[in-house]
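Thanks, everyone. I'll put the structure up and then go through the fold of one chain, the contact between chains, and one helix.

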Amino acid sequence: MKNQNNAASKGSIVAGVLAPHPPHLVYAENPPQNEPRAEGGWEELRWGYERLRKSLSSEDFDVIIVHTPHWRTVVGHHLLAVPHFKDLSVDPVFPHLFRYNYDLKVDVELAEMIAAEGQSAGLQTSLMRNPKFRVDYGTIISCHLSHPTWDKPIVSISSNAAADYFSTDVGQQEMIALGHATRAAIEKSGRRALLLASCSLSHRHFTEEPQIPEDMTYEHIYNHNQYLWDMRMLKMMRAGESRRVIAEMPDFTDQAISETRAGCLTWLIAAMNFPTTPATVHAYGTVIGTGNAVVEWRM
Amino acid sequence: MSTPKEKQQPQIGFVAGFIVPGLPQPLLAPEQSPGWGRVRQAFDILRERLDALKPDVLVIYSTQWPSVLGHQIQADPRPQGVHVDHEFHDLGTMEYNFPVHVPYADAYIGCGKERGLHMRRVCFKGFPIDTGSLVALGLLNPDNRIPCTLVSSNMYSDRAETIVLGKAARDAAQKQKLRAVAIASTALSNRLWTKPMPPKNDAISSQKDDEWNRKLLEILAQGRLEDVAQLARQFAREAHADSKLKAIWWLSAALGSSNDFRGEVLAYEALYGTGAAVVELRPGGVSRGEQEFDEDDVEFYRGERSVLSPSSQGQKTPAKARPS
């Protein structure tokens, strides 16, 4: 939503994106920031991200807010709160694919506002102010693939482990509250925000890879159950049935071993206030057996 | 039950095994809580005993280094950098610069492959070292005199595969004729407080977890490591174990899958609600019967078992599912 009428001082979410973070996609793009070189691979997903970027280019925004599974916390929800990070990120799981030199700015004021809104809603939140902190690769990859120019500040939110500690239902309630707090903070801040849920759908990996990682003759979904669940969720998104997505999320999470366990997608849908507009699925593809979709909700 | 018999201490291979917690409080903030301080003191005692053992290499399996593609072995000759814990970033920064025993790391990779495992060599500048490994190194080897290697914890690896991984560690130490110490960096119960807890009020976050922890430690104090390894699945169900307690599977296999140890529990405290134990296990106790078993092969890893397609057993993904 562009600023209209009296909305000049009221912030808004311009779009929400399911933006998965397989490092393979950055590896295959060969950006200058990443050290390993590839011959290509995973084109459907990469071209889906291209379509997303083209779509987003028509909309201006001030900040990217990303909820990431690879910064897992137990004691509440943590947010980056250091203005600038610059370092080398080596993926601890796929170091041969992702060694990325990042240089990013953080919207600390907005992070503080989200943390405060969360506290007001009864959530435990804390701000990460250690300048030596290594930004997780989920944040970096989703931001790079969605907006590779890095000319916007970001806010990165950790994934609280409530789903693991209690149940997927409890975890989901926690993320719905966090989504509402995020939306409230955005509106108070006056920012136009792009939201990224940095997660896959089904998430069972192969535990071996071919000698050439980008050899696409090896790439397929891990099992048919995962494929069916992924399609079911995407069908609901395309139909604008986001409340049904939330309703079925605990079963999906448990039965498809989904990365939605981290709460990213629930947070996103709650922050967008359960949109009924159909989502645009820019791509669906697999990465070492996991199901990944690039999905955009335009607000 | 087999007849009890005295066993001699080995001169090569694994000469001791330690269980240590992986959270950063004993390294970065032992003064904030009496319990954290006692864990730190236990680490100090263990460090002195480690020095007396004069090992050639420390082999650290850390539950905080997850892997997906097989088993990763740190083989960078000199990892260096800084690390900030993802949860407890307010406690400070861990700087590191330590030597890796590369010949051992390579031998471990080779021995793992011989046992059917997918082993991966890690040697990348800037590779992030996990909190658990750094706590063990920082408190047991602070002057970096003893070279080490680090072993990842594969998130899909269950008991049989992890046992084989432990045996490969043992093979490599014996093949290289090295005196090695195996270190399992793991919590017992792993239920952190979910709200901020003043350090001085720290306690095990569940009485049930506490009772299970104490039962395990009672058995470990008797040197019955393999019995604890066999209890791991039940413990994991009951007490929210750290990574299914798979570090104990690895440790027991590395040390020979037996109960003939002299065990000593040097500390048992809460670290932010988790069960943190510092335990020393030295070969040379009385054998209490060796009952190693698993539903799968405990000597050679034959790949993921497909419960849907028995005929595909022994094949490995992703190769099994080539497009036809």
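Chain A has 299 residues, and a compact globule of that length would have a radius of gyration near 19 Å; the value for chain A is 18 Å, so the two agree. Bear in mind that this is a predicted model. Along the principal axes, the C-alpha atoms of chain A occupy a box of roughly 55 × 40 × 40 Å. There are 9 helices and 10 strands in chain A. Of its 299 residues, 57% are buried. Looking at contacts in chain A with a separation of 6 or more, 82% are between residues 24 or more positions apart.

Next, the interface. On the chain B side, 31 residues are in contact with 27 residues of chain A. Strand 2 of chain B, residues 57-67, supplies the largest share of that side, 3 residues. The chain B side divides into 17 nonpolar, 10 polar and 4 charged residues.

Last, helix 7 of chain B. What does this helix, residues 225-239, span between its end C-alpha atoms? It spans only 18 Å, where a straight helix of 15 residues would span 21 Å. There is also a bend of about 50° in helix 7, at B:Ala232. B:Ala232 is itself among the buried residues of the helix, which also include B:Leu225, B:Val228 and B:Phe235. What do the buried residues of helix 7 pack against? Their partners in chain B are helix 6 (207-221), helix 8 (246-254), strand 9 (261-271) and strand 10 (274-283). Just past the end of helix 7, B:His240 has a positive phi of about 50°.

That's it from me.

Key. Residues are numbered from 1 along each chain as its sequence is written. Chains are lettered from A and ligands numbered from 1 in the order in which they are written. This is a predicted model: local features need pLDDT of at least 70, side-chain atom pairs count only at pLDDT 80 or more; totals for chains, interfaces and linings use all residues. Helices (H or I, at least four residues) and strands (E, at least two) are DSSP runs, numbered from the N terminus. The expected span of a helix is 1.5 Å times one less than its number of residues. The bend at a residue is the angle between axes fitted to the seven residues ending there and the seven starting there. A residue is buried if 20 or more other C-beta atoms lie within 10 Å of its own, exposed if 12 or fewer, and partly exposed in between; C-beta atoms are placed from the backbone. Two residues are in contact if their C-beta atoms, placed from the backbone, lie within 7 Å. Ala, Val, Leu, Ile, Met, Phe, Trp, Tyr, Cys and Pro count as nonpolar, Asp, Glu, Lys and Arg as charged, and the others, Gly among them, as polar. The radius of gyration is taken over C-alpha atoms; the globule rule is 2.2 Å times the number of residues to the power 0.38.
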